[in-house]
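Trainee: Please take me closely through one part of this model. I would like to look at the site where the ligand sits.

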Amino acid sequence: MAERRARWGLLSTARINERLIPCLRRSERNELIGVASRSRDTANRYAEEHGISKAYGSYEEILADPDIDVVYISLPNGLHTEWSLRCAEAGKHVLCEKPLALSVEEVDQLLEAADRCGVTIQEATMMRFHSQTSYVRNLIAQGAIGEVRMGRGLFTFTLERPGDIRLDPAMGGGSVWDLGSYCVSFARTVLQAEPLEVHAAQTTGPTGIDMSFSGHLKFPSGAFFHFFSSFASFTQIDADLLGTAGYLHLDLPWVNRENQPATVRLVSEAGNKEASTFGDGLGNRRTERRVFADVNAYQDEVESMAATVLDGADPVVTLQDSRANVAAITALYRSAREGRPVVL
Ligand SMILES: NC(=O)c1ccc[n+]([C@@H]2O[C@H](COP(=O)([O-])OP(=O)(O)OC[C@H]3O[C@@H](n4cnc5c(N)ncnc54)[C@H](OP(=O)(O)O)[C@@H]3O)[C@@H](O)[C@H]2O)c1
């Protein structure tokens, strides 16, 4: 007998769907069934262009279809919670784009609904499914750079699409919700800790959202993590971590393109420390590189979702984990608004 597959529907015709569609097609455990749009014409056109068998002319229609097990929510941020809740109530599992919610209270509603309706709701933070992220987390846990003292992340680009959902305050726009959320999730994941206190500053644009944001997190171990997210800068994507015994650099921590390998560089002491008057010796160092080529974290994301839905495997990103990320982000926004540190 053929193994059961998870049957997927796409909620919206968003551009990000392009990443998941080939993965669902390649997967042996998933099957793409349908796509829903606010407009029937758009749904029909999209389904035809992408060879998807069912087109739904409203979001409600996908919820009513018994052939759909999992809904991928790729709506603007401000609609994530509402539609995750509606999917759960309809008995559908949910893979929802990041950020899952815009407040801790919204995540609490999702926790309650997932539990009551017996469905999985998982945030699609692609980076968390990438083997590079678990590799770095394990290196740190094994003490490869000693005790972590600080980390830093950059995620920036120039947003040149007027009317983009990222600029709309009513839709959860802003550089932190869009970009900085990865940096916060990365810091929490690799340090395996939650921030105690945050401090932030922002530059807002004409629509009121943060165009550039500088966030600072302090962890219980004493480690600091600083990130900068921006819609108004040269594109830069990287992260690093400095510890008592080494340094890690990631050149592509939070994007994933199949033809673009990501490299983790580990610099540590080789043998005895070089004697130096001011402790500034840079000799006796060893550099190791680990290259992640041919990784498709979106593939890992959909396979992981299938394992959760079909086998009852634990989700990679639990709702409690998403809750902690949202708590840190909302504290950062509050700090930037009020111009003072915020204790979590
Ligand atoms: N994981 C990643 O790597 C990654 C990368 C990029 C974006 N994302 C996330 O994916 C989500 C979608 O981003 P995107 O850039 O792909 O979005 P997009 O292309 O702008 O599409 C958003 C879709 O939402 C639907 N929609 C419903 N109400 C809307 C409204 N009031 N205004 C605009 N669109 C509305 C539209 O679909 P219909 O017209 O068909 O209804 C639209 O196509 C965001 O949450 C973003 O954070 C994730």
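Mentor: What follows goes from the two domains to the ligand and its contacts. Keep in mind that this is a predicted model.

Start with the chain. It is divided into domain 1 (6-126 + 299-315) and domain 2 (128-296 + 326-343). Their C-alpha centres lie 28 Å apart. The two domains also touch: 23 residues of domain 1 are in contact with 24 residues of domain 2.

Now place the ligand. Domain 1 and domain 2 both give residues to the shell around the ligand, so the ligand lies between them. The space taken by the ligand is the largest pocket.

Next, the shell. There are 23 residues around the ligand. Those that come nearest are Thr13, Ser37, Tyr59, Asn77 and Tyr298. By class, the shell holds eleven nonpolar, six polar and six charged residues.

Then look at the polar contacts, each to an oxygen atom of the ligand. Two come from side chains. In Tyr59, a side-chain N or O atom is 2.4 Å from a ligand oxygen. In Asn77, a side-chain N or O atom is 2.7 Å from a ligand oxygen. Arg38 uses its backbone: an N or O atom there lies 3.0 Å from an oxygen atom of the ligand.

How much of the ligand's accessible area does the protein cover? On its own, the ligand has 910 Å² of accessible area, and the protein covers 81% of that.

How values were computed: Residues numbered from 1 in each chain as written. Predicted model: local features only at pLDDT ≥ 70, side-chain atom pairs only at ≥ 80, totals over all residues. Heavy atoms only, no water. Near = heavy atom within 4 Å. Polar contact = N/O pair within 3.5 Å; in protein donor to acceptor, adjacent residues only side chain to side chain. Areas by Shrake-Rupley, 256 points an atom, 1.4 Å probe, with all protein chains shown as cover. 1 Å grid on protein atoms, 1.4 Å probe; cavity = no way out; pocket = protein on both sides within 12 Å on 5 of 7 lines; lining within 4 Å. Sits in = over half its atoms within 2 Å of the grid points. Nonpolar A, V, L, I, M, F, W, Y, C, P; charged D, E, K, R; others polar. Domains from an automatic or database assignment. Contact = heavy atoms within 4.5 Å.
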